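Thank you for letting me take a few minutes of the meeting. Please have a look at the structure first, and then I will talk about how protein and DNA meet in it.

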Number of protein chains: 2
Amino acid sequence: MPENRLLPGGGPLYIQVRDRVVARIVNGHWLPGNALPSEQQLAAEFGVSQGTLRKALDTLVTENLLLRQQGKGTFVATHTPHRELFHFFHLVSADGMRELPTTSRVLGIELRRATTTENTRLKLSRSASVIHIRRLRELSGKPLIIEDISVPARLFRGLETNGDAPPNALYALYEEVYGVTIRRAVEHLRAVIATAEETKLLNLPSGTPLIEIDRLGEALDGTPVELRLSRCNTQSHTYRSEIE
Amino acid sequence: MPENRLLPGGGPLYIQVRDRVVARIVNGHWLPGNALPSEQQLAAEFGVSQGTLRKALDTLVTENLLLRQQGKGTFVATHTPHRELFHFFHLVSADGMRELPTTSRVLGIELRRATTTENTRLKLSRSASVIHIRRLRELSGKPLIIEDISVPARLFRGLETNGDAPPNALYALYEEVYGVTIRRAVEHLRAVIATAEETKLLNLPSGTPLIEIDRLGEALDGTPVELRLSRCNTQSHTYRSEIE
DNA sequence: AAGTGGTCTAGACCACCAA
DNA sequence: TGGTGGTCTAGACCACTTA
């Protein structure tokens, strides 16, 4: 009969340690940007060797949940605008250069009842509300993307009336102000024809094809927290995807 | 003055070991599907501990260059149709299910001089030749993708006259017959309007938007070896991309 | 039962950073 | 100078596969 050394939980030690570390991040015991205790301290606290503790942290570092800096410490990852751009923004200019969307003009922001799609995609309760943002993003001075963003009102109370227009880097705002960290996202791309309104906003001839990106963003604990539909002009920019 | 234990090469031991393992795979010392010697043997051969040897192999396993099977051994990864599908084929049906392209009808295959784009993208010498394949791929019985594929003739001698039409899983063929393993690829997506020919082949109304996928595939040593332009009907299928 | 990869330890030393 | 992460070892034992 196989017996485990640490009775409750089972499985490899480093997995158990990893899960306990994740739990502390998810429940806010360690906040984004905070430094973790040193590896020696953590190893002692969890009752494992440094090697095992390191193996646990290794997995979290490759998942971008932790950030290590030699000589300084281990930190909970944060959504800097830079990371948000390189990790979550995939439009690159045709010459291969990466460009940051400099400005985004908010076309509308409102609190309203969730549509049925929003309800099912975001796994909301019946009659829940969402905050919806519609905005126009520019690259190299030209409007290229129209975004429709929906987030559960319950998690982002007051976002629609916060005085200032929401910033370009939304994920940093989610994290800093509302304590919601986007951990991963799944995107589905389709080709569509720009609507009349879109041709006007993006300053395009009618009939121009766009790429529609349907993104569902998940929080640390795996719950879906953001639904984003982007319609992008890909005349001078392309969506870049690497297969390793 | 910092001194390294193994004089030539410098850097961490496990990196040096990793590079030596990669070299053996690249130069064909260990072929795809082959088993490597056991970790103990390799550690002894390289003069490092099992821990260090394992750390070296770990990096290659996460890069999909090696495959470990507990109790059996460590193997050089191969391009099975399954892997090719899950790793390199990103179109999924609208209901989220994954589907394999069952058949591909070859529309044309020829040996010809490289165009200027092919020349620069594939880094060919002047006046080099390529083999070009044009084919139609079906999903759930309907034609959905038109692919234009170009590979250097030098590496794939005779591909255009090999009797049988090239199979669906091209990467497996590249690997088994020509000893060329595709390690990674970069894709750039744009929205386009189907040409008259495409609307006919894909059985679509004129003016239908398609997604164009421009893929450049790299071999084990990093040289570009395949240029592939896919034009996809995304009415019932979407291109899926995960951001972790 | 023998051979393989997978986990874990205790301890050593190195490279980097900040005060 | 002291603390942090990064590397490396030698050896033990576990889990899985094959015969």
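A polar side-chain atom of B:Thr74 lies 3.2 Å from a phosphate oxygen of DNA strand C, which is a polar contact, meaning a pair of N or O atoms within 3.5 Å. I should say early that this is a predicted model, in which local features need pLDDT of at least 70 and side-chain atom pairs count only at pLDDT 80 or more, while totals for chains, interfaces and linings use all residues. Residues are numbered from 1 along each chain as its sequence is written, chains are lettered from A and ligands numbered from 1 in the order in which they are written, and side-chain values use heavy atoms, with hydrogens and water left out.

The bases are reached as well: a polar side-chain atom of A:Gln70 lies 3.4 Å from a base nitrogen of DNA strand C, and for B:Gly71 a backbone N or O atom lies 3.1 Å from a base nitrogen of that strand.

Which part of DNA strand C supplies most of its atoms within 4 Å of the protein, sugar or phosphate on the one hand, or bases on the other? Sugar or phosphate accounts for 80% of these atoms, and the rest belong to bases.

Around DNA strand C there are 23 residues, where near means that a heavy atom of the residue lies within 4 Å of the strand; among those that come nearest are A:Leu13 and B:Arg54.

Technical notes
A polar contact is a pair of N or O atoms within 3.5 Å; within protein, one must be able to donate a hydrogen and the other to accept it, and residues adjacent in sequence count only if both atoms are side-chain atoms.
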